[in-house]
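Colleague: I am new to this structure and would like a close look at a single part, the aromatic rings and what surrounds them. Please take me through that part in one go.

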Amino acid sequence: MSDLIRSTAAELAARIASREVSAVEVTQAHLDRIGEVDGAVNAFLHVDTEGALKAAREVDDDIAAGAHVGPLAGVPIALKDVLTTEGVPTTVGSKILEGWVPPYDATVTRRLKEAGVVILGKTNMDEFAMGSSTENSAYGPTRNPWDLDRIPGGSGGGSAAALAAFEAPLSIGTDTGGSIRQPGAVTGTVGVKPTYGGVSRYGLVAFSSSLDQAGPCARTVLDAALLHEVIAGYDPMDSTSINAPVPPVVAAAREGANGDLSGVRVGVVTQFSGEGYQPGVLRSFEAAVAQLKQLGAEIVEVSCPSFDYALPAYYLIAPSEASSNLARFDAMRYGIRVGDDSTRSAEEVMSLTREAGFGPEVKRRIMIGTYALSSGYYDAYYGSAQKVRTLISRDFEAAFATVDVLVSPTTPTTAFRIGERTGDPLAMYKADLCTIPANLAGNAAMSLPSGLSDEDGLPVGLQLMAPALQDHRMYRVAAAYEVARDAAAGAPLIQGVPQLAGAAR
Amino acid sequence: MTSVYELMDYAEVIERFDPVLGLEVHVELHTNTKMFCGCANVFGGEPNTQVCPTCLGMPGALPTLNGKAVESAIRIGLALNCEIAEWCRFARKNYFYPDMPKNFQTSQYDEPIAFNGFLDVTLDDGSLFRVEIERAHMEEDTGKSLHVGGSDGRIHGAEHSLLDYNRAGVPLIEIVTKPIEGTGERAPEVARAYVTALRDLLKALDVSDVRMDQGSLRCDANVSLMAKDATEFGTRTETKNVNSLRSVERAVRFEMTRQAAILVAGGKITQETRHFDESTGSTSPGRTKETAEDYRYFPEPDLTPIAPSREWVEELRGTLPELPWERRKRVQDEWSLTDAELRDLVNAGAVDLVAATVDAGATPAEARSWWVAYLTKEANNRGVELSELAITPAQIATVIGLVNSGELTNKLAREVVTGVLEGEGEPEAVIEARGLKVVSDDSALEKAVDEALAAQPDVAAKIRDGKVAAAGAIVGAVMKATKGQADAKRVRELIIARCS
Amino acid sequence: MPSISRDEVAHLARLARLAVTDDELDLFAGQLDVILQSVATVGDIATADIPPTSHAVPLTNVFREDVVRPSLGQQQALAGAPAAEDGRFRVPRILGEEA
Ligand SMILES: [Mg+2]
Ligand SMILES: [Zn+2]
């Protein structure tokens, strides 16, 4: 296996900038790796070989010409297929957008290109980001590189699996209820949901507008921070974008790597334990908390009672907004069209297309949302859910009045088997139990590996949560913890991913 | 189109029922750009050339709110005497229709930017009628569909439709009245007067083209009837497609007579949308929906709330022009007009022209006499609006000045005006070119008088005998001889001097 | 709390323009019932005195300047259309009210 694909993004960027390796070589190494293993992993829906090599060549040319390049120039990235890419297909994991080539770039896409980050292709995902396992993709499930019979999390399973399979050192995910953090947790990678409004949503195909947030995925905390600074920042094309400086996450990650957390107050959320939590996950979490304490952090227990209602509130708000956001997929202006035999009306063709183009989970959520917004039910469902949202924000506010960051397991269990929960939507929804509150309140949250669960040997994620626009706080804690954990284990967790069948050597 | 209706005689309708109106007016703002994207807001471009990911509802695209549209909405609200919301939001109105790219309309629901206002409208007899305004809110227009393959380009029977989204996302303000009661037989007139007043107001605010023919001002008329002894409103119908001021009046009147006939026959009014047909002057039902549409409104998460500061609102209040009815009130006082005179002035659309003529030195009476009495006829003959006549208030004032100084007679003055209207230049140039100067040289006039007296000795004798009234015949002869360019008063003086 | 009938699912599907099959009606009726009963617990703590939150970030008055930006060309606008004609999107006949 080429050392290039096992390097961190920070290392690659430095080697490319110093012309020790070319961006083209690095890109080609990753394209080769994708060619070798993606048949088994299915992390990519579309690989843009030509576009990637062209972008890499441009970076090499710039460097050769002595131009100043960004801190991630020439580093390859895998982009979740929910962000539009001009001239490159964007399907959102759905049949209904099969073959759609957007005429414009998402702001995240544009920023990556401007920074010289090389986009390898588009990653698989649960259809319209609705799911926790990537089994809802219309293009087949993505498999977890730790165990190909297991799910890589969702909805951003493709972005997480691409990292764990060493197909890309960086990827972009989007997190509506945990779709960056939960895949990060079950694949042993780092995933960050920035403060809502921190990263532009322009060009992010909306699932739930008030919750969606794109963020960085990587194999190390510092890589995530570097990527965070590339994609974040005010964008006038997104009215909910925050017009304020990007939190200093790279500096925080570097500071944290010194390993001293004295003076940092860490709150353990008492609601996220007990029934439904896998014992190995809880043990890993407890060890992580002990580690933080050893690094000098002050540990306190914090109760956030309304967090128990986050899951039901989320499964009302997200489907409601989705039912409206997905109305535009109607076979009139783009995407597939079904049943237009010149006798059927537009209304019939819309219904036939949506029936054929959407998968069962999407239809289920559209109907839940349609129900929850109906005039007779609005107050009991959508309206009440929005009140729960207020309560959750208040809980966070109270907690952050006494602690700097909050911690919890990222997910109640490790990666489950493909097919295990597909027949039981409620069981599937529980995968997002711990991640949802941060989406509802809009504050920052991330997941990083805390080790392997002792009963099944699968990765466990540690979730850190910080107040809005205090993203750097969690990067500092995460970096410190990462160094300590890797030192204690003797190697970064990600090096333990098994050799993938089909891969050379 | 042959729809047969039982219609009740209008007088009988009024005898038995009280009409209740509700008017919803949609106004397209003439901002540079659309409501939620930077596409140009221009009428009549090549199809699908003023579109972008946002107004095409493409996946991933987001709205950004046009600040100028918000400003216009607040100004309209203030001009309608509304309260301006301290805090309000957009909402999504969810329903599927191919001309609406997102399949929801971004609109305002329970939190309009402006609410609780009124508009005083002037009726034909000069009396005022106060129409209460429920709300004015912001929303976006839809695209336009072209129906292909049907017999007459109408939707029914069409084989397919073609969509142009240039209009999709154009800023709209929807202005909704409270139920208008107490109009009695004047309901149709009130409806027309209201839309007229609103149009004038929006024009004065310079926020819209207000062209009903181009759809930048659109009116939906809700009409219901209450039996004289009833305490609750009757079932209403909503008539759309009312594309002219006259149609507003006709549509309301038609619905009243149609509904009355049904009610008197023991029938029930169906709550429905109806369409007005200009050619027949009648309304016909739209498709009746199996179930009442449930729009599933909820706050638009992609746009932030709007919280206009009170300072901003007051600043905008300061930008309001003198509003049409304030201006009317002022000119009536300043020019001492009777209600009838004011009505004539307003109906002629001559307020601004007369005011400008007065500013240029004429008296209000002189200016009114020219614009309302004379030029209105000229405009009619030429088939143009009064304001479109090729003559300026300053030119009229000049002509009036020449009459007052005796350099023009009224008859000559009209000829000068005709010359200006014909494009012959300034009044002075017309006078010069047409040789229209009054003959005021006494020696020339004395010569003409002597000749006339000589030609009619018997008349001359009568005058000398003191029968001054006989002088008229000599005046006429002198005027004829001087081609009307003499001042008749001066001629008479000279005749009498000569004969005494 | 609610018990979702097949008819109600059919009504929701109609509102949402989904031509669901009979099998789906049965499946979704059962699943929606379970899900809706579960999420209805939000009512337990959502008392009248709590203001609802619609936006995660408390921003207001985010306005764009009224300055024209380039549009897509007609060709680009129509590039992804299932059918186009005369520079317009071609769609099946539209039933419903006259616009
Ligand atoms: Mg409306
Ligand atoms: Zn546009």
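Modeller: What follows starts with the ring pairs and then moves on to the cores and the metal site. The model is a predicted one.

Over all chains, the count comes to 22 aromatic pairs. One of them is formed by A:Phe307 and A:Phe396, whose rings lie 4.8 Å centre to centre with 50° between the planes, a tilted pair. A:Phe307 belongs to the loop between β8 (298-302) and α11 (310-325) of chain A, while A:Phe396 is in helix α14 (residues 379-400) of chain A, so this pair ties together parts that are 89 residues apart in sequence. Are these two rings buried or exposed? The cut-off for buried is under 20% relative accessible area. A:Phe307 has 3% relative accessibility and therefore counts as buried; A:Phe396, also at 3%, counts as buried too.

Another pair joins A:Tyr314 and A:Tyr315. Here the centres are 4.8 Å apart and the planes make an angle of 85°, which is edge-to-face. Both A:Tyr314 and A:Tyr315 are buried.

Some rings are linked further. A:Trp100, A:Phe128, A:Phe329, A:Tyr334 and A:Phe358 are joined by ring pairs into a cluster. A:Phe128 also appears in the largest nonpolar core, which has 197 residues; together with A:Leu112 it has the most contacts inside that core. Helix α11(A) gives the largest share of this core, nine residues. Beyond its neighbours within four places in sequence, A:Leu112 is in contact with residues including A:Ile77, A:Leu79, A:Ile172 and A:Leu227. There is also a second, separate core of 75 residues, and B:Phe90 is among its members, as are B:Val13, B:Ile84 and B:Leu119.

Two rings have a charge over them. The charged end of A:Arg6 sits over the ring of A:Phe166, 4.2 Å from its centre. In chain B, the ring of B:Tyr10 has the charged end of B:Arg253 over it, at 4.0 Å from the ring centre.

Chain B also holds a metal site. The SG atoms of B:Cys37, B:Cys39, B:Cys52 and B:Cys55 coordinate the zinc ion (ligand 2) at 2.3 to 2.4 Å. The angles subtended by these four donor atoms run from 100 to 116°, so the arrangement is tetrahedral. Along the sequence, the donor residues follow the spacing C-x1-C-x12-C-x2-C. B:Cys37 and B:Cys52 both lie in the loop between β1 (17-28) and β2 (65-66) of chain B, so this pair ties together parts that are 15 residues apart in sequence. B:Cys37 is buried, and B:Cys52 is buried as well.

Methods: Residues numbered from 1 in each chain as written. Chains lettered and ligands numbered in written order. Predicted model: local features only at pLDDT ≥ 70, side-chain atom pairs only at ≥ 80, totals over all residues. Heavy atoms only, no water. Phe/Tyr/Trp six-rings, centres within 6.5 Å; stacked < 30°, edge-to-face > 60°. Helix = DSSP H or I, 4+ residues; strand = E, 2+ residues; numbered from the N terminus. Buried < 20%, exposed > 50% of the residue type's maximum accessible area, 1.4 Å probe, protein only. Lys NZ or Arg CZ within 6 Å of the ring centre and 35° of its normal. Donors = N, O, S within 2.8 Å, 3.2 Å for Na, K, Ca; no water. Tetrahedral: all angles 85-135°; square planar, octahedral: opposite > 155°, others 65-115°. Core = buried A, V, L, I, M, F, W, Y, C linked by side-chain atoms within 4.5 Å. Contact = heavy atoms within 4.5 Å.
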